[in-house]
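Trainee: Could we go through how the helices pack in this one? I'd like to see how each label gets earned.

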Amino acid sequence: MAPTIKDIARIAKVSPTAVSIALNGRPGVSEKTREQIRRIAEDVGYRPNYVAKTLISRRSQSIGLIVSNIADLFYTELARGVEKRANEKGYTLLLCNTNRSLESEKRFIDMLRGRGVDGIILATVEKGDPCVRSLVEEHFPFVLINRLPMDPSVTNRFDYVVQDNFSGGYLGIEHLYRLGHDQIAVVAGDLKTSTGIRKMEGVKKAMSDFDLKIDRRLVVDCRYMRNKAYDAAMQLLSMKNRPTAFFCHDDNMALGVREAILQDELKIPEDIALMGFDNIDTASLTKIDLTTITNNTSEMGELGTGILIDKIEGTTHDMVSKIVLEVKLVILY
């Protein structure tokens with residue numbers, strides 16, 4: 001016969017309520033007691049009855065995460081943070097990949113809601129995204145991570161965790177300027193997204209502050225795609241007055257630019273300076289050593305998931321959380 005919460009309570013010499021609190025990650029027991037209960041549950045092979053739990057709580061104990069491109073290591077690290085916090089809270093994660101399609105985003109939202117998830121984390125929204133307005137108007141629990149719709153009419157009506165992309169864009173140009181560069185190519189992310197827009201705003205402010213000319217030929221929108229960044233870099237490197245530095249809106253594109261630079265038999269940073277953004281694990285590998293902007297991607301996922309679950313469980317009432325994480329320069333060259 002499968003062990004129950006009452007069996008664990010008897011062994012731990014606590015009440016069944018204390019066991020339930022500990023196993024569901026809720027406050028109300030000491031950390032020592034929580035760990036003891038979890039250890040006993042593991043030892044006796046306890047498995048929660050999710051069907052009964054759903055009937056009692058009227059929740060599925062599941063959440064959805066919608067990302068733009070899971071092949072991009074930024075989203076892999078983001079998903080890792082979401083999954084970590086969801087597991088800690090006893091929730092199952094359903095992952096959906098839109099491949100940068102707004103139509104797919106809407107379809108996945110409908111699918112997840114149809115499957116009874118308790119809430120959704122969106123990391124895919126574009127400027128003016130209609131899906132956000134629909135979720136707000138229908139009062140469905142959701143949190144935005146990484147991107148915002150930039151729609152003033154709904155900004156104060158949803159929770160989000162983002163990074164300070166404006167400062168990141170400014171820091172990137174400032175660093176390259178301090179190194180003596182004035183011919184800086186900007187490999188931009190998707191300029192239909194808040195991340196791309198805010199980074200470009202930071203870039204333009206820095207260029208203005210340091211009296212750098214903004215050459216539109218050196219600004220290319222590569223939609224956070226490595227292959228597009230590679231192609232753009234090959235074209236820029238073939239110019240008569242080629243850029244002396246590249247600032248990329250993410251590390252994924254920076255790796256594409258790096259490939260183009262090396263294929264052109266140029267050295268980094270001796271011949272061409274290169275900067276990324278996101279500080280993904282690959283950026284710090286030996287012989288890559290990419291100077292970048294760190295943004296604590298996994299932390300962004302954990303924080304957003306915590307906010308969503310608190311919202312689902314009714315512990316935050318009507319409070320709206322707006323978190324903007326600080327970014328920092330990571331110099332490896």
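**Helix packing, label by label**

Mentor: Sure. In this predicted model, helix α10 (residues 226–237) and helix α11 (residues 251–263) cross at roughly 40°, and their axes come within 7 Å.

Trainee: Why is α10 called oblique to α11?

Mentor: Angles under 35 degrees count as roughly parallel, and roughly perpendicular starts at 65. The crossing here is roughly 40°, so α10 is oblique to α11. As for handedness, α10 passes α11 in a right-handed crossing.

Trainee: What makes the contact between α10 and α11, residue by residue?

Mentor: On the α10 side you have R226, A229, Y230, A233, M234 and L237. They meet N252, M253, L255, G256, V257, E259, A260, I261 and Q263 in α11. By class, that contact has 10 nonpolar, 3 polar and 2 charged residues.

Trainee: Okay, now α1 and α3. How do you know what to call their arrangement, given the angle between them?

Mentor: Same recipe. Helix α1 (residues 5–12) and helix α3 (residues 31–44) pack at about 120°, with axes 10 Å apart. Roughly perpendicular runs from 65 to 115, and roughly antiparallel needs over 145. An angle of about 120° fits neither label, so α1 and α3 are oblique to each other. The crossing of α1 past α3 is right-handed.

Trainee: And which residues make that contact?

Mentor: From α1 it's I8, I11 and A12; from α3 it's Q36, I37, I40, A41 and V44. The contact of α1 with α3 divides into 7 nonpolar, 1 polar and no charged residues.

Trainee: How do you know which residues of α1 are buried?

Mentor: Buried means under 20% relative accessible area, and in α1 that label goes to I8, A9 and A12. They cover an arc of only 100° around the axis, which puts them on the same side of α1.

Trainee: What do the buried residues of α1 pack against?

Mentor: They pack against α2 (16–23) and α3. The face of α1 turned away from its buried side carries K6 and R10, which are exposed. Exposed means over 50% relative accessible area.

Trainee: What comes right after α1?

Mentor: K13, with a positive phi near 60°.

Trainee: Before we stop, how does the whole chain look?

Mentor: The secondary structure comes to 12 helices and 12 strands, and the C-alpha trace spans about 80 × 45 × 30 Å along its principal axes. Of the 333 residues, 51% count as buried.

Technical notes:
Residues are numbered from 1 along each chain as its sequence is written. This is a predicted model: local features need pLDDT of at least 70, side-chain atom pairs count only at pLDDT 80 or more; totals for chains, interfaces and linings use all residues. Side-chain values use heavy atoms; hydrogens and water are left out. Axes are lines fitted to C-alpha atoms, for helices over the stretch in contact, and angles run from 0 to 180 degrees between N-to-C directions. Helices (H or I, at least four residues) and strands (E, at least two) are DSSP runs, numbered from the N terminus. A crossing is left-handed if the near helix is turned anticlockwise from the far one by less than a right angle, and right-handed if clockwise. Contact means heavy atoms within 4.5 Å. Ala, Val, Leu, Ile, Met, Phe, Trp, Tyr, Cys and Pro count as nonpolar, Asp, Glu, Lys and Arg as charged, and the others, Gly among them, as polar. Buried means under 20% relative accessible area, exposed over 50%, partly exposed in between (1.4 Å probe, protein chains only). The arc is that of the directions from the helix axis to the C-beta atoms.
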